Amino acid sequence: MQRTGLIGVVMVVALGLSGAAHAERGPFPFVGEEIHYSISMFGGEAARAALSVGRPFRDANLGRVVPVHGIMMTVGLASALVSFKYESETYFDAATWQAVWSLKLLEDRGRSRTYETYYDRDAWTAHTIRVEPARDINRQTDSPIPSHVHDALSWIYDVRTQPLEIGDEYHYFVFDGWKMRRLRLRVAVHIDRPFGNEEVRAAELIVHGDTLEPYVAVPWGRRRMTHAPSYAVSGSERLGRTWVTLDDRRIPLGLEIRTAFGFMRINADRHVPPRR
């Protein structure tokens, strides 16, 4: 990761335009869908992952929402060497498709912790409750967010609705409960990709990530935001490549990421279409 020096700090103003941020988009088009993934490293399958979308329902506090579930966990020999599980439940507003609440569970080598986040877009604030029983941690924090922020799952569904023409760029502010990042995606090419027994036409997107640190002029600014936050870019890196089919299904086919241990490849191997 390349980090900027003090002189090279770039300020990013995350404008929170309530009209754009709260615009209704109609029925969520992916209800009932499942996508299953195989994750490979070192030439073999190291983990499995899946995304699934439940039926809309009315939550007593959050209104009408769509539940989206994600899970990733090690399997086989990798599970014996490095046991890891990541699970996420996110509620999307059924009208705007924006994340309004999320709960994330991380289990890593016997260590377990959860991050529960409520997104208060009108106040530019995410309220997060972190719980880690083994270390007796139960901590609540308020973090500044732009009103159009995404969580770790919602940006995936948004990019699937975009035109995906060659040269198009899409930027997403993503807050996952502990860190704010900006993802920058650029459509590099349209190519043929294998998917099960099919050969499908897909858009290949190059993904870059910026780590963002909130700029707060006064100490109490984090607790009571009265304006859209701004951020300093503390680091940037190329994360890898991702592919989305160009047919009506717009399936996210997978992701290729460079890690400290080599390339990690995430490939979709099963798709259950939406059930309306």
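Author: A charge sits over a ring if CZ of Arg is within 6 Å of the ring centre and within 35 degrees of the ring normal. The model discussed here is predicted.

Reader: At what distance from the ring centre does arginine 193 lie over the face of tryptophan 243?
Author: Arginine 193 lies over the face of tryptophan 243. The limit for such a contact is 6 Å from the ring centre. For arginine 193, the distance from the ring centre is 3.9 Å.

Reader: Which arginine lies over the face of phenylalanine 30?
Author: Phenylalanine 30 belongs to a cluster linked by ring pairs, with Trp97 among its members. A charged side chain also lies over the face of phenylalanine 30, at 4.0 Å from the ring centre. That residue is arginine 160.

Reader: How many aromatic pairs does the structure hold?
Author: Rings of Phe, Tyr and Trp pair if their centres lie within 6.5 Å. By that rule, the number of aromatic pairs in the structure is 11.

Reader: Are the rings of phenylalanine 28 and tyrosine 157 stacked, edge-to-face or tilted?
Author: Their centres are 5.7 Å apart and their planes stand at 55 degrees. Stacked needs under 30 degrees and edge-to-face needs over 60. The angle of 55 degrees fits neither, so the pair is tilted.

Reader: How many residues apart in sequence are the parts that phenylalanine 28 and tyrosine 157 tie together?
Author: Phenylalanine 28 lies in the loop between α1 (18-21) and β2 (34-41). Tyrosine 157 lies in helix α3 (residues 154-159). Both residues are buried. The pair therefore ties together parts whose separation in sequence, in residues, is 129.

Reader: What are the rings of phenylalanine 57 and tyrosine 91: stacked, tilted or edge-to-face?
Author: The centres of these two rings are 5.4 Å apart. Their planes stand at 85 degrees. Over 60 degrees is the mark to pass, so the pair is edge-to-face.

Reader: Which strand holds tyrosine 91?
Author: The pair links distant parts of the chain, 34 residues apart. Phenylalanine 57 is in strand β4 (residues 57-59). Tyrosine 91 is in strand β6.

Reader: Is tyrosine 91 buried or exposed?
Author: Its partner, phenylalanine 57, is partly exposed, with a relative accessible area of 31%. Tyrosine 91 has 16% relative accessibility. Buried means under 20%, so tyrosine 91 counts as buried.

Reader: What is the relative accessible area of leucine 77?
Author: Leucine 77 is in helix α2 (residues 76-81). With Leu81 and Val82, this residue makes a nonpolar surface patch of about 330 Å². Leucine 77 is exposed, with a relative accessible area of 64%.

Reader: Which glycine in the turn between β11 and β12 has a positive phi?
Author: Strands β11 (residues 169-175) and β12 (residues 180-195) pair in the antiparallel sense over seven bridges. One bridge joins tyrosine 172 to leucine 183. The two strands form a hairpin with four residues between them. In the turn, the residue with a positive phi of about 110 degrees is glycine 177.

Reader: Over how many bridges do β12 and β13 pair?
Author: β12 and β13 form a hairpin with two residues between them. Glycine 196 in the turn has a positive phi of about 60 degrees. Isoleucine 191 has alanine 202 as its bridge partner in β13. The antiparallel pairing of β12 and β13 has a bridge count of 15.

Reader: Which lysine meets aspartate 151 in a salt bridge?
Author: The N to O distance of this bridge is 3.3 Å. Aspartate 151 lies in the loop between β10 (137-144) and α3, and its partner in strand β7 (residues 99-108), so the pair ties together parts 47 residues apart in sequence. Aspartate 151 is buried at 0%, and its partner also counts as buried at 0%. That partner is lysine 104.

Reader: How far apart are the closest N and O atoms of glutamate 132 and arginine 111?
Author: Glutamate 132 counts as buried at 0% relative accessibility. Arginine 111 counts as partly exposed at 32%. The closest N and O atoms in their salt bridge are apart by 2.6 Å.

Reader: What is the relative accessibility of aspartate 192?
Author: Aspartate 192 forms a salt bridge with arginine 201 at 3.2 Å. Arginine 201 is partly exposed, at 43%. Aspartate 192 also counts as partly exposed, and its relative accessibility is 44%.

Notes. Residues numbered from 1 in each chain as written. Predicted model: local features only at pLDDT ≥ 70, side-chain atom pairs only at ≥ 80, totals over all residues. Heavy atoms only, no water. Phe/Tyr/Trp six-rings, centres within 6.5 Å; stacked < 30°, edge-to-face > 60°. Buried < 20%, exposed > 50% of the residue type's maximum accessible area, 1.4 Å probe, protein only. Patch = residues over 30% accessible without salt bridge, like charges linked within 9 Å, V, L, I, M, F, W, Y side chains within 5 Å. Areas by Shrake-Rupley, 256 points an atom, 1.4 Å probe, with all protein chains shown as cover. Salt bridge = Lys/Arg side-chain N within 4 Å of Asp/Glu carboxyl O. Pairing = 2+ DSSP bridges.
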